[in-house]
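Work through these exercises with the structure open beside you. Try each task before you read its solution.

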Amino acid sequence: MAGIYIHIPFCKKKCHYCDFYKTLDTGLADRFLEALKKELVLQNNYLDKSIINTIYIGGGTPSVLSAVQVREIIDTLNNNFSIDGDAEITMEANPDDIDKVYVRDIKRSGINRISLGIQSWNDEILSFLNRRHNAEQAEQALNSIFEAGIDNVSADLIYGIPGMTPGEWRENLLKTFSYDLVHLSAYHLTIEPGTVFGKMKDQGELSEIDEGMSEKQFRTLLDISEKKGFEQYEISNFCREGYHSIHNTNYWKREPYLGLGPSAHSFNGEQRQWNVSKLSVYLRNVENEIVPAESETLEKKDLYNEYIMTSLRTMWGVNLDYLEEITDKESRDYMNNLVVRFIKYGMVSRNQNNIVLTDQGKMISDNIISELMMV
Ligand code: SF4
């Protein structure tokens with residue numbers, strides 16, 4: 001089984017915190033779509049004819065595309081890959097882009113899961129983040145999705161936002177869980193260099209919230225999601241039983257995937273490949289029948305570090321037998337030695353050959369993971 005990720009690089013407005021590759025030049029959408037269809041053909045051997053069990057259309061903002069354009073993408077995928085009849089086909093959407101007719105039409109094309117970028121239910125916070133929707137539009141979008149018959153719906157929320165009180169975060173969560181969602185992705189805000197927030201930070205106008213507040217909001221997230229019957233299967237991802245995102249889980253379990261569109265990454269077990277992160281260069285390459293990507297073969301250290309970095313964030317954790325299988329005995333011993341002190345302090349637990357973060361460890365997951373890296 002394998003996955004396909006498609007990066008739609010267009011946004012109508014740039015959010016102040018976002019460092020994903022995107023452009024406001026939506027006038028290039030038709031030309032991009034033609035190039036994307038060409039790239040799908042150019043790269044259709046990358047996954048070695050594997051059956052595709054997940055497709056994820058992300059970005060950027062895929063919902064800036066018309067329903068007809070979405071259909072063209074799905075049709076081209078069907079013509080070039082073997083797609084499982086039960087494949088999870090997700091599309092990210094912005095609340096102010098969609099209505100019932102749009103959702104009905106993309107559903108007819110095969111989209112069976114929507115990830116809705118709600119981020120917050122508080123209009124002041126949405127405006128601070130420079131999102132283009134408001135809470136009422138998020139409400140209408142959710143109603144449209146359910147009325148159109150898509151019930152595999154995930155919401156994105158952001159916490160750790162400067163100025164957001166613990167009470168406001170709690171209200172956001174309760175409001176989100178008042179809908180019949182099956183999945184939640186909740187990300188702590190990070191202030192990335194090069195973003196508007198990054199520049200504000202450089203000028204001393206904005207700073208990250210303190211650790212105590214971060215921890216409090218994370219605990220609220222764990223507490224409410226558990227009470228609502230959601231399982232935390234990755235640091236930032238929660239779901240009802242049976243509704244893990246197949247796409248993300250494939251990444252974490254090191255299944256092969258092909259990424260298409262500017263800045264998209266691919267992985268086939270041994271080699272990592274990344275597409276150029278500039279739309280004009282991407283278009284030029286693909287229009288000249290050139291795969292717009294660079295690649296590298298992963299060495300032992302890369303394989304070790306990537307596996308630790310992704311798997312330790314999940315509820316399945318690190319499996320030492322598997323680590324040895326993809327690297328060697330020396331790597332297993334390296335991990336075994338380093339992890340002892342985290343077990344001693346209750347940050348990590350060990351069950352035979354599996355190593356997982358405890359709730360306490362999840363609070364400082366980034367620190368633990370960086371300590372376990374191979375240098
Ligand atoms: S967060 Fe999403 S909508 Fe906002 S700028 Fe980034 S890609 Fe575009």
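One definition comes first: angles under 35 degrees count as roughly parallel, and angles over 145 as roughly antiparallel. Keep in mind that this is a predicted model.

**Exercise 1. Two helices**

Task: Find how α2 and α3 are oriented to each other.

Solution.
- Step 1. Locate the helices. Helix α2 covers residues 67–80, and helix α3 covers residues 100–109.
- Step 2. Take the angle. The two helices pack at about 15°, and their axes are 9 Å apart.
- Step 3. Apply the cut-off. Angles under 35 degrees count as roughly parallel, so α2 and α3 are roughly parallel to each other.
- Step 4. Add the handedness. α2 passes α3 in a right-handed crossing.

**Exercise 2. The residues between them**

Task: List the residues with which α2 meets α3, then sort the contact by class.

Solution.
- Step 1. Start with α2. Its residues here are Ala67, Val70, Arg71 and Ile74.
- Step 2. Turn to α3. Tyr102, Asp105, Ile106 and Ser109 meet them from that helix.
- Step 3. Sort. The contact of α2 with α3 has 5 nonpolar, 1 polar and 2 charged residues.

**Exercise 3. A second helix pair**

Task: Describe how α13 and α15 pack, and say which residues make the contact.

Solution.
- Step 1. Locate the pair. α13 spans residues 329–344, and α15 spans residues 365–372.
- Step 2. Read the geometry. The angle is about 145°, with the axes 10 Å apart. The crossing of α13 past α15 is right-handed.
- Step 3. Name the residues. α13 gives Met335, Leu338, Val339 and Phe342. α15 gives Ile368, Glu371 and Leu372.
- Step 4. Sort. This contact of α13 with α15 has 6 nonpolar residues, no polar ones and 1 charged.

**Exercise 4. Two domains**

Task: Give the domain bounds, then describe the side of domain 1 that touches domain 2.

Solution.
- Step 1. Split the chain. Domain 1 is 2–252, and domain 2 is 300–372.
- Step 2. Find the separation. The C-alpha centres of the two domains lie 28 Å apart.
- Step 3. Count. Domain 1 puts 9 residues into the contact, and domain 2 puts in 9 residues.
- Step 4. Find the elements. On the domain 1 side, α8 (211–227), β7 (231–234) and α9 (246–252) give two or more residues.
- Step 5. Sort. That side has 6 nonpolar, 1 polar and 2 charged residues.

**Exercise 5. Around the ligand**

Task: Name the residues that surround the ligand and sort them by class.

Solution.
- Step 1. List them. The ligand is surrounded by Cys11, Lys14, Cys15, Cys18, Phe20, Lys22, Gly59, Gly60, Thr61 and Asn94.
- Step 2. Sort. The shell has 4 nonpolar, 4 polar and 2 charged residues.

Notes. Residues numbered from 1 in each chain as written. Predicted model: local features only at pLDDT ≥ 70, side-chain atom pairs only at ≥ 80, totals over all residues. Near = placed C-beta within 6 Å. Nonpolar A, V, L, I, M, F, W, Y, C, P; charged D, E, K, R; others polar. Axes fitted to C-alpha atoms, helices over the stretch in contact; angles between N-to-C directions. Helix = DSSP H or I, 4+ residues; strand = E, 2+ residues; numbered from the N terminus. Parallel < 35°, antiparallel > 145°, perpendicular 65-115°, else oblique. Left-handed = near helix turned anticlockwise from the far one by under 90°. Contact = placed C-beta atoms within 7 Å. Domains from an automatic or database assignment.
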